[in-house]
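Subject: Structure handover

Hi,

Here is the structure for you to look through. Please open it first, then read my notes below.

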Amino acid sequence: YYLEDLFVAVEYRGKGLGRKLIEHLYQLAEQNGYSRVYWFTDESNKQAQKLYDKLAKQTEQLVYKYEL
């Protein structure tokens, strides 16, 4: 399953919403028979990468994938 975009409004950042959204996506993907979830991020997006590094495996191309 491919995640195109994930945005959390500035005033809601740091409250765990990004984590909750991604974890919910993992559940939906698994329920629908997908074997992985992946997405891309800009190399400069260090704040998001801190979260992504906790939730998925970083590939050599800064692509994140979670095996279901």
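A nonpolar patch sits on the surface of this predicted model. Tyr1, Tyr34, Tyr66 and Leu68 form it. Together they have about 350 Å² of accessible area.

Take Leu68 from that patch. Leu68 lies in the segment after β3, which spans 63–67. Is Leu68 buried or exposed? Leu68 is partly exposed, because its relative accessible area is 31%, and partly exposed covers the range between under 20% (buried) and over 50% (exposed).

Now find Ser35. Ser35 is in the loop between α1 and β1. Ser35 is also partly exposed, with a relative accessible area of 44%. Check its distance to Tyr66, too. Ser35 and Tyr66 are 31 residues apart along the chain. Their C-alpha atoms are separated by 8.4 Å.

Next, the largest pocket. Its volume is about 680 Å³. How many residues line the largest pocket? The lining has 25 residues. Leu6, Gln47, Ala48, Leu51 and Tyr52 lie nearest the centre of the pocket.

Which elements supply the lining of the largest pocket? α1 (17–31), β1 (36–40) and α2 (46–55) each give at least two residues. The largest share comes from α2, with 6 residues.

The lining of the largest pocket is mixed in character: 11 residues are nonpolar, 6 are polar and 8 are charged.

Best wishes

Technical notes
Residues are numbered from 1 along each chain as its sequence is written. This is a predicted model: local features need pLDDT of at least 70, side-chain atom pairs count only at pLDDT 80 or more; totals for chains, interfaces and linings use all residues. Side-chain values use heavy atoms; hydrogens and water are left out. On a 1 Å grid over the protein atoms alone, a cavity is a set of points where a 1.4 Å probe fits but cannot get out, and a pocket is an open set with protein on both sides within 12 Å along at least five of seven lines; lining residues have an atom within 4 Å of a point. Grid points are joined across faces, edges and corners, and a volume is the space filled by probe spheres set on the points. Helices (H or I, at least four residues) and strands (E, at least two) are DSSP runs, numbered from the N terminus. Ala, Val, Leu, Ile, Met, Phe, Trp, Tyr, Cys and Pro count as nonpolar, Asp, Glu, Lys and Arg as charged, and the others, Gly among them, as polar. Patches are made of residues with over 30% relative accessible area and no salt bridge: like charges are joined within 9 Å, nonpolar side chains (Val, Leu, Ile, Met, Phe, Trp, Tyr) within 5 Å. Accessible areas come from the Shrake-Rupley method with a 1.4 Å probe; for residues, only the protein chains shown count as cover. A salt bridge is a side-chain nitrogen of Lys or Arg within 4 Å of a carboxyl oxygen of Asp or Glu. Buried means under 20% relative accessible area, exposed over 50%, partly exposed in between (1.4 Å probe, protein chains only).
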